[in-house]
Structures are given as C-alpha cells and as structure tokens.
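Visitor: I am new to this structure and would like a close look at a single part of it. Please take the empty space inside and tell me what surrounds it.

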Amino acid sequence: MVSKLLAKLVTKDQTQLKSVYDPTCGSGSLLLQVSKEIHRKGGEVSNYYGQEKNPSTYNLARMNMILHGVHYRSFDIQQDDTLETPHHLEKRFEAVVANPPFSADWSANDGFKSDERFADYGKLAPKSKADFAFVQHMLHQLDDNGTMAVVLPHGVLFRGAAEGHIRKYLIEQKNCLDAVIGLPANIFYGTPIPTCILLLKKQRKVDDNILFIDASAHCGKATNQNFLREEDLERILIAVEQRVFKDKFAYPATRKEIKDDSDYNLNIPRYVDTFEEEEKVSLISVSEKLLEIDKKIESTNKSISSYCLELDISNPFEAVE
C-alpha cells in the first residue's frame, strides 16, 4: 500500500509518462506500481529505469519486468551502487520513486563535493546516514516538470549538522519540497520505526506552501504489523489535493513560517497538533466513585456476615473457603 501511495503521488496529474526511475529499485515493484497506476488511467509508461546494488535482486527485477509484460527495450535496469557509481546521470525523469535503505552507510568521500549531484549544497550527508544523499541524487535526476516521492526515516526531518544544512538548502534555495507525510509506525517488515514520505517538485512558485500531513494514527492494526487501508490512502490523497488545514491531520506551512518559527525543522508535530487533551477528573467525581466502592464493600460484608450466621461460622474466612 505504501508503493501504491507513492505511485499515486507521482502520477497525480499524469495520464502518460515518458519515464519513471527508481535508484534503489529492488525487484522492480515500485516501477511496476507506477505503471499500474498509469494504466488505470488509460495511459502508458514509455521507459523504465532503475539501479540495484544486489546482483540477485537486480536479476529478479529484470525478470519481473518481462513477466509483467514490459518489453526488454523499454527498461534499463543496471547493477551497481547508485550513490558511488550511478548509471543514468545524463538522463532526467518525469517520475522518480524510491524506498532507499534507511540510514545506510556510504563513503561520503570528499571527491563527492565536486560531484554535480551534491556540489551546490556545500555539505555531504553523513557517512552513517545516506538518506539525504539519495534525496540529492533523485532530485538531480528529476526532470523540470517531474515529481518525486521517497520514503525515509523520520530522522531526516529534524536531525542537525550536515543534514540540517541540506534540509535548509532544499527549502530555501531550491524550493522543491512540496509535502511531508508522516506514516504510521511498524508498517514495514523488519523495522518498527516511524517513516515519512517526502514529495518534491522543481516547478514550485516562490510563495507555494509546504504541506504537512500526520497520517500516523490512520491505519489498520494486525497482531505484529500496522498497515495502510484504502481509506487511509484516500484521506492522504485528498489532503494533498486540497492543501488546506485539517484539524489534527494536515497543515500548509509557509516557507517563512518554517524558517522563522522552526529554523527549518520539519518534525511534523511542530505543524500538525495531534495532542488529545486528557479527560479532566474532578474531585467530586472521585469522591462519588469512592462512595460507590464503599457501598459495594459494605454490601459484601453484610452478605458474608449473614452467611456466617446461617452456618454458625465464627471465622468469615472459613465461609469464603
């Protein structure tokens, strides 16, 4: 369902796609989900691009494309580390989607400071947290009229140092962040951490707001896993379409607000107040409750005493036994 949400977000205003790209494509499921969404609208995806580090998964992705009816000339999936050895740098894509490995390691070598993907920002993502390196790479690959959606851990919204610097540059200089969507915790197998979706576009106006959505409480619950339902997806998509304030769910924030009030901290509770006020319990209601308990105790004691008299038992505990 997260794949379906990503696909719907990047195809919201599209009925045809010249290209879709996933820099961490795994078995190709996200690429195929975008294709499915475009086909649902009666259109087609012309070309599919992806890169996958794991050789076995890379082969599975190519097989998956063919099994789902994608002609071998219509997809270009490469096997390599996307950050260290990218294969599609000369191309730009209308739709970019990804679910990169959370807070993965990468080399962060100084040589990348002159790499066209990262040079403008002045700082590199930390060696132990490549999340923003993937964002920078994806944004570099995005066409001017394109849309990208990426799943990331919540830490990217508020961590400081180099990540805070990159986050500020994305908002202040590039003005490409369009929406931040908080997802429920425990919806991915293997990790219980809460995650978010960043939605980015290059052709935003200067005064466009950034939409914050807190969808963390809207999900189905299984024994060991939470999951998004169709109504949860619909709620998110309507909020993205309308871009208006909705109590405890959505808030459109201006860039000035994000700068002046939060210093580019994107932590969702700063913008969407989901605090539920605890029920106020008065001293009167407490007293009434205590009186009710006393009456029950008194009634129980009378019952036991009466029972003891009937059986001629002097010790009440014998009656209980």
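Guide: The largest cavity holds about 40 Å³ of space. The model is a predicted one, and the count of cavities of 30 Å³ or more in it comes to 1. Rolling a probe the size of a water molecule over the atoms shows where empty space is left.

The lining comes next. Phe132, Arg167, Leu170, Ile171, Leu177, Leu198 and Leu266 line the largest cavity. Of these residues, 6 are nonpolar and 1 is charged, while no polar residue takes part. Arg counts as charged, so the charged residue in the lining is Arg167. Helix 5, which covers residues 161–172, gives the most to this lining, with 3 residues.

Leu177 is also in the lining, and strand 6 runs over residues 177–182. Ile181 lies in that strand too. Ile181 counts as buried because its relative accessible area is 0%, and the cut-off for buried is under 20%. From Ile181 to Asp214 the distance in space is 6.1 Å, C-alpha to C-alpha, although the two are 33 residues apart in sequence.

For contrast, the surface can be looked at as well. Leu60, Met63 and Leu67 make a nonpolar surface patch of about 330 Å². Met63 has its place in helix 3, residues 55–67. With a relative accessible area of 48%, Met63 is partly exposed, whereas Ile181 is buried.

Note on methods. Residues numbered from 1 in each chain as written. Predicted model: local features only at pLDDT ≥ 70, side-chain atom pairs only at ≥ 80, totals over all residues. Heavy atoms only, no water. 1 Å grid on protein atoms, 1.4 Å probe; cavity = no way out; pocket = protein on both sides within 12 Å on 5 of 7 lines; lining within 4 Å. Points joined across faces, edges and corners; volume = space filled by probe spheres on them. Helix = DSSP H or I, 4+ residues; strand = E, 2+ residues; numbered from the N terminus. Patch = residues over 30% accessible without salt bridge, like charges linked within 9 Å, V, L, I, M, F, W, Y side chains within 5 Å. Areas by Shrake-Rupley, 256 points an atom, 1.4 Å probe, with all protein chains shown as cover. Salt bridge = Lys/Arg side-chain N within 4 Å of Asp/Glu carboxyl O. Buried < 20%, exposed > 50% of the residue type's maximum accessible area, 1.4 Å probe, protein only.
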